[in-house]
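Work through these exercises with the sequence and the model side by side. Try each task before you read its solution.

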Amino acid sequence: MTAAASGAPAGAVPVPADPVLAARGLSARYGEVQALAPLDFVVGPGELVAVLGPNGAGKSTLLRAILGLVATGGEVSFMGSSLPRRNPAAVANRGVVLVPEGRGIFGPMTVAENLELGSWRLGRDARERQRRMGRVFELFPRLKERLGQAAGSMSGGEQQMLAIGRALMADPKILLLDEPSLGLAPRVMEEILETLGVLNRAGLPVVLVEQRAPSALKLAHRAYLLSLGRLAAVIDPREVQSHDQLAQYYFA
Amino acid sequence: MTSSPSTILRKAFPVPAQPAPRGRLAAVAPWLVAACIVGYALVAGGYPATVVGFALIYAVFVSGLNIFMGLTAQVSFGQSAFAAIGGYASAILTTQHEWGWLPAMVAGLAAALAAALAIGYPTLRLKGHYLSMATLAIGLIVHEIAVEWESVTLGYLGISGVPPIDIAGYEVSSDRAVLIMLSACVVATALAVARIRSSRLGRAFAGIAGSEDAARALGINVARYKLVSFLLAAAFASLSGSLFVHVVGYVSPEVFSLHMVILSFTMLYVGGIGTVAGPVIGALVVSVLPETFRSFRDYQDLAYGAALILLLIYAPRGLAGLFAALDTRRKP
């Protein structure tokens with residue numbers, strides 16, 4: 001799981017030959033409204049893929065479509081077999097875990113209870129649950145100090161750490177994050193992105209939806225740029241040298 | 001911070017999942033108040049005993065409603081339907097078919113669960129207000145059936161002469177015996193709700209209450225657990241309906257009207273939605289409150305209404321929440 005797409009020739013945008021996640025012709029609708037035009041989307045083993053674009057570009061919809069939270073067209077396969085549609089619980093059971101926009105933490109519950117819910121599909125295996133919890137605390141020591149605290153009473157950054165920690169409790173095979181930096185101070189955001197880098201370097205494929213492109217591009221192996229519900233470009237982050245160049249993509 | 005993760009020692013495990021620290025007073029106070037009200041009724045007997053008896057039956061009903069609305073954060077306007085099914089099953093089977101109260105109660109429970117399954121399975125996949133409308137409809141439909149199916153329900157006339165519950169040959173019919181039996185039912189109900197709340201099932205409910213999408217993303221089957229929550233609420237509603245007809249000896253469609261729904265909502269919010277003690281203290285206080293304003297005569301309803309509004313302003317999380325707030329304020 002450590003072989004990233006770095007072996008591909010420089011210049012062309014390297015697309016992994018043996019993707020873990022592959023969407024073909026994936027599209028999404030909210031009722032009558034097409035929110036995402038058909039696109040291909042792949043994530044290779046150990047890759048961190050950024051999905052960039054302005055507000056309303058369809059970034060969140062792409063994640064929701066992968067999970068089957070919205071009505072979709074096309075096909076999504078994960079680790080060689082296709083993912084069920086309109087059954088997000090079953091998708092989660094395959095190890096495709098989403099950290100939703102706005103974090104979706106359970107505010108009235110304690111940090112410990114939130115983490116416990118993260119390992120829902122583990123059932124009653126207390127030892128494994130504790131092992132996973134220990135791993136989360138290694139990444140986010142602050143969560144350990146706040147175990148008994150109501151999750152809703154923590155700072156935005158801590159809540160985001162909890163949201164990621166809770167997702168890790170599910171022992172994901174791939175982690176999807178919807179704008180984890182939203183509403184966070186730049187320093188806190190850097191901290192969280194750094195942690196994602198650590199996770200990714202340990203072999204976990206990550207899909208990172210971000211509006212703040214520069215920080216996401218620092219981590220990403222590849223980036224998909226969405227605009228108005230369509231795929232505008234696939235970018236090799238090493239080729240993006242300047243803000244201007246990125247702006248060109250945005251407004252192209 | 002994360003590029004050099006601090007080493008967490010083995011001794012850091014196991015990590016107990018501790019609930020949020022809550023004061024002892026907050027946990028005990030609602031039960032003390034409830035015990036005082038029931039104790040007073042036990043001593044006084046007569047009318048106070050009747051009022052408190054009804055309140056205890058409502059406590060069972062509202063505790064069930066609380067599982068669905070409080071723990072799972074769904075809305076149902078139709079729980080009266082399941083109380084009606086349980087109540088009518090008990091009344092009809094014991095008066096017209098000479099069943100014992102227990103088998104009649106179980107039959108009512110089964111019928112209520114079947115009805116809840118039939119309405120819940122298709123509608124619980126829907127979100128928010130669709131579900132509410134569907135539940136409102138079933139409440140009205142069951143009420144209508146109770147009125148129109150005269151050959152069985154005797155329509156508006158109602159069924160009278162329902163025998164009291166007897167336990168091992170002892171007929172529970174005196175004020176005090178009824179109060180003691182109902183108190184036992186309420187305690188058992190509260191214990192069951194507390195157990196459910198802290199169980200894996202309760203965690204699933206809480207997850208759904210927090211965010212359905214987030215719960216789904218964690219692999220929780222939202223539709224299934226909503227249905228389980230709905231069935232549990234219906235079960236308690238059915239039991240309370242059966243208790244009612246045996247205690248009062250009479251049933252009519254009016255008993256399970258929309259008024260019951262409104263009253264139970266009031267009890268749930270006044271007591272404290274989502275808490276174990278809330279429905280119990282809410283049922284008691286909302287039942288007793290109008291009586292304490294009896295001396296206001298014409299202004300009784302006005303005073304009652306004003307008291308409710310004040311309660312909801314100063315205790316927005318209900319009486320159970322109020323005790324908790326007072327308790328935390330006491331501490332440094």
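**Exercise 1. Decide whether V49(A) is buried or exposed, then place it.**

Solution. V49(A) has 0% relative accessibility, so it counts as buried (under 20% relative accessible area; exposed is over 50%, partly exposed in between, with a 1.4 Å probe and protein chains only). Next, find its element: V49(A) lies in strand β3, residues 48-52 of chain A. Helices (H or I, at least four residues) and strands (E, at least two) are DSSP runs, numbered from the N terminus. Then list its contacts (heavy atoms within 4.5 Å). Leaving aside neighbours within four places in sequence, V49(A) is in contact with F41(A), V42(A), V43(A), V206(A), V207(A), L208(A), R222(A) and Y224(A). Last, look along the chain: V49(A) and L176(A) are 127 residues apart, and their C-alpha atoms are separated by 9.6 Å.

Before going on, note the ground rules. This is a predicted model, where local features need pLDDT of at least 70 and side-chain atom pairs count only at pLDDT 80 or more, while totals for chains, interfaces and linings use all residues. Residues are numbered from 1 along each chain as its sequence is written, chains are lettered from A and ligands numbered from 1 in the order in which they are written, and side-chain values use heavy atoms, with hydrogens and water left out.

**Exercise 2. Find the element that holds T61(A), and its contacts.**

Solution. T61(A) sits in helix α1, residues 59-67 of chain A. Its relative accessibility is 8%, so T61(A) is buried. Not counting residues up to four places away in sequence, T61(A) touches A28(A), Y30(A), A35(A), L36(A) and V70(A).

**Exercise 3. State how many residues of helix α3 of chain A are buried.**

Solution. Helix α3 spans residues 111-118, and eight of its eight residues are buried. Among them are V111(A), E113(A) and G118(A). Now find their partners: the buried residues of α3(A) pack against α4, α5 (141-145) and α6 of chain A, together with α8 (200-210) of chain B.

**Exercise 4. Explain what is notable about phi in D171(A) and L228(A).**

Solution. Start with the rule: most residues other than glycine have a negative phi. D171(A) has a positive phi, near 55°. D171(A) lies in the loop between α6 and β7 (174-178) of chain A. At 23% relative accessibility, D171(A) is partly exposed. L228(A) also has a positive phi, about 50°, and is not a glycine. L228(A) is in the loop between β9 (222-227) and β10 (230-235) of chain A. With a relative accessible area of 75%, L228(A) is exposed.

**Exercise 5. Identify which residues touch the most other members of the largest nonpolar core.**

Solution. A nonpolar core is a set of buried Ala, Val, Leu, Ile, Met, Phe, Trp, Tyr and Cys residues joined through side-chain atoms within 4.5 Å. The largest has 97 residues, and V52(B), L56(B), Y58(B), F82(B), L243(B) and L284(B) touch the most other members. Helix α2 (residues 46-71) of chain B gives the most to this core, with 15 residues. Take L284(B) as a sample: its contacts, not counting residues up to four places away in sequence, are A34(B), I37(B), V38(B), V52(B), A55(B) and L56(B). A second, separate core has 47 residues, including F140(A), L147(A), A167(A) and V206(A).
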